[in-house]
Amino acid sequence: MPSPRRAWAGRLGLLLAGIAVGALTFLVALQVRAGTSGDPATTASPSATAPGPRTPEATDGASDDTGAGDTEEGSADDAAPLAGLTIALDPGHNGANAEHPLTVNAPVPDGRGSTKACNTVGTATDGGYPEHAFAWDAASRLTQRLTALGAVVVLTRSDDDGVGPCVDARGRFPQEHGADVLVSLHADGAEDRGVRGFFAIVADPPVHEAQGEPSAALAADLVAALGAAGFVPSDRYDDAISRRADLATLNHAERPAVMLELGQMRHPEEAALMESEDGRERYAAAVAAGLVAWAADRDGTGSGG
């Protein structure tokens with residue numbers, strides 16, 4: 001039989017051994033818990049020590065050579081192809097011109113050393129729908145479309161109830177308002193009801209450099225877009241582009257400038273189209289498409305660039 005002192009020592013040894021095992025178990029538990037807590041300060045990322053293949057999710061938005069950033073930028077450009085451009089729209093004539101003959105008939109500089117009338121009343125359909133109202137409505141619809149495409153739009157007149165402005169002021173408008181381009185919206189009124197078709201007008205010979213090739217290129221893109229939209233081009237001018245020296249609006253412009261005669265107001269079918277909201281929306285859409293094409297060609301990103 002062991003002595004009391006040996007028995008006590010044996011029990012003390014067992015107690016100390018139990019305490020040591022418990023402490024070790026506790027420490028192991030703490031280590032395991034720390035390794036699974038997800039705390040960035042204490043947990044190394046598996047990819048940091050053992051890089052593996054990058055998944056599509058891992059490369060989204062990455063600024064590496066995958067082209068992800070280029071795709072996002074391209075999408076933004078596609079959504080706003082006219083961003084950075086200021087476009088001047090000139091709705092032809094004005095609603096109160098007929099009531100102020102002295103004002104609209106007053107002579108103003110024509111841009112080539114002579115004079116012409118400040119403005120005119122414009123034409124109308126046989127049903128009485130006036131050119132000034134058509135031009136204003138089409139310009140308003142066009143403004144909404146161009147703004148949605150990223151452009152800043154400035155108009156030579158703010159409503160369809162005023163007089164003027166005079167044709168020389170309309171021509172100076174783009175450079176005075178920081179615009180990159182001028183499009184003047186009109187409709188023609190040939191006496192012959194059988195004449196139909198849209199056409200563009202450019203200043204010829206040019207007074208300013210922008211009235212030469214830059215304006216001709218703008219006219220070509222607008223004509224192409226109107227034709228692609230199903231409108232009939234005039235057969236009275238080569239490529240549906242008229243070249244004139246007597247239009248002060250074009251002569252005074254120092255930016256690419258085109259006057260669009262969007263159709264014939266006395267041709268029954270074209271008159272009906274102009275009188276309808278759907279028709280005016282179609283005109284606005286086509287002109288907007290032409291300006292998008294012109295902007296792409298101008299920047300060298302279009303098919304013609």
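Trainee: Which residues do ring pairs link into a cluster here?

Mentor: Keep in mind that this is a predicted model. In it, Phe134, Phe231 and Tyr283 are joined into a cluster by ring pairs. Across the whole structure, a search turns up three aromatic pairs.

Trainee: How do I read the pair of Phe134 and Tyr283: edge-to-face or stacked?

Mentor: Look at the angle between the planes; over 60 degrees counts as edge-to-face. Phe134 and Tyr283 come out at 80 degrees, with 5.6 Å centre to centre, and are edge-to-face. Phe134 belongs to helix α6 and Tyr283 to helix α11, 149 residues apart.

Trainee: And what about Phe231 with Tyr283?

Mentor: Planes under 30 degrees apart count as stacked. Here the planes are at 15 degrees and the centres 4.3 Å apart, so this pair is stacked. Phe231 sits in the loop between α8 and β7, so its pairing with Tyr283 in helix α11 ties together parts 52 residues apart in sequence.

Trainee: Are those rings buried or exposed?

Mentor: Phe134 and Tyr283 are buried, and Phe231 is buried too. Check Arg282 as well: its charged end sits over the ring of Phe231, 4.6 Å from the ring centre.

Trainee: How do I read the sheet, and in what order do the strands run?

Mentor: Strands in a sheet pair through backbone hydrogen bonds, parallel or antiparallel. This open sheet has six strands, ordered β4-β1-β5-β8-β6-β7, with mixed pairing. β4 and β7 each have a single partner strand, so one side of each lacks a neighbour in the sheet.

Trainee: Where does helix α11 pack?

Mentor: On the sheet, touching β1, β5 and β8; its direction makes about 150 degrees with that of β8.

How values were computed: Residues numbered from 1 in each chain as written. Predicted model: local features only at pLDDT ≥ 70, side-chain atom pairs only at ≥ 80, totals over all residues. Heavy atoms only, no water. Pairing = 2+ DSSP bridges. Helix = DSSP H or I, 4+ residues; strand = E, 2+ residues; numbered from the N terminus. Contact = heavy atoms within 4.5 Å. Axes fitted to C-alpha atoms, helices over the stretch in contact; angles between N-to-C directions. Phe/Tyr/Trp six-rings, centres within 6.5 Å; stacked < 30°, edge-to-face > 60°. Buried < 20%, exposed > 50% of the residue type's maximum accessible area, 1.4 Å probe, protein only. Lys NZ or Arg CZ within 6 Å of the ring centre and 35° of its normal.
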